[in-house]
Amino acid sequence: MRSYRKASHAVHDLKVHLIWITKCRYKVLTKDIGLRIRDLIRQVCDQNDIQIIKGRVSKDHVH
């Protein structure tokens with residue numbers, strides 16, 4: 001069953017596919033930096049009531 005969000009005048013189910021890539025695809029998102037980015041993304045999503053369905057932090061991009 002789908003979970004729809006309700007506002008005062010609307011009902012919606014929005015899905016977004018977000019990819020964030022480092023400049024020139026430098027492989028800088030390793031170890032501590034990758035973990036910190038993952039934590040920051042989770043914090044921002046929790047603050048804005050956004051549900052993360054699936055995600056991955058690679059060496060040169062966040063998917």
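Let's start with one residue: arginine 25 comes out as partly exposed, at 41% relative accessibility. On this scale, buried means under 20% relative accessible area, exposed means over 50%, and partly exposed is anything in between, worked out with a 1.4 Å probe and with protein chains only. Before we go on, keep in mind that this is a predicted model, in which local features need pLDDT of at least 70 and side-chain atom pairs count only at pLDDT 80 or more, while totals for chains, interfaces and linings use all residues. Residues are numbered from 1 along each chain as its sequence is written, and side-chain values use heavy atoms, with hydrogens and water left out.

Now for the overall layout. The protein chain has one helix and four strands, and if you walk along from the N terminus you meet them in the order β-β-β-α-β. The chain is more spread out than a compact globule, because its radius of gyration is 15 Å, well over the 11 Å that the globule rule gives for 63 residues. That radius is taken over C-alpha atoms, and the rule is 2.2 Å times the number of residues to the power 0.38. As for the elements themselves, helices (H or I, at least four residues) and strands (E, at least two) are DSSP runs, numbered from the N terminus. Along its principal axes, the C-alpha trace spans about 45 × 20 × 20 Å.

How much of this chain is tucked away? Of its 63 residues, 14% count as buried. The protein chain exposes about 6100 Å², and carbon and sulfur atoms supply 55% of that; such areas come from the Shrake-Rupley method with a 1.4 Å probe, and for residues only the protein chains shown count as cover. The two cysteines we can look at here make a nice pair of examples: cysteine 24 counts as exposed at 57% relative accessibility, whereas cysteine 45 is buried, with a relative accessible area of 12%. The structure holds zero disulfides, a disulfide being a pair of cysteine sulfur atoms within 2.5 Å.

Back to arginine 25, which sits in the loop between β3 (20–21) and α1. Its phi is near 55°, a positive value in a residue other than glycine. Most residues other than glycine have a negative phi. Aspartate 49 also has a positive phi, about 55°, although it is not a glycine. You'll find aspartate 49 in the loop between α1 and β4, where it is exposed, with a relative accessible area of 55%.

Stay in that loop for a moment. Glutamine 51 lies there too, between α1 (31–47) and β4 (61–62), and it is exposed, at a relative accessible area of 60%. Glutamine 51 and lysine 15 are 36 residues apart in sequence, and their C-alpha atoms are 9.7 Å apart in space. Lysine 54 belongs to the loop as well and counts as exposed at 77% relative accessibility. Its C-alpha atom is separated by 9.8 Å from that of histidine 17, 37 residues away along the chain.

Which residues does arginine 5 touch, leaving aside its neighbours within four places in sequence? They are Ala10, Val11, His12, Asp49, Ile50 and Gln51, where contact means heavy atoms within 4.5 Å. Arginine 5 is in strand β1 (residues 5–6) and is partly exposed, with a relative accessible area of 37%. Across the chain, among contacts between residues at least 6 apart in sequence, 58% join residues at least 24 apart.

Finally, a word on charge. The chain has 14 positive and 6 negative side chains, and the centres of the two sets lie 6 Å apart. Lys and Arg count as positive and Asp and Glu as negative, with His and the chain ends not counted; each charge is placed at NZ of Lys, CZ of Arg, CG of Asp or CD of Glu.
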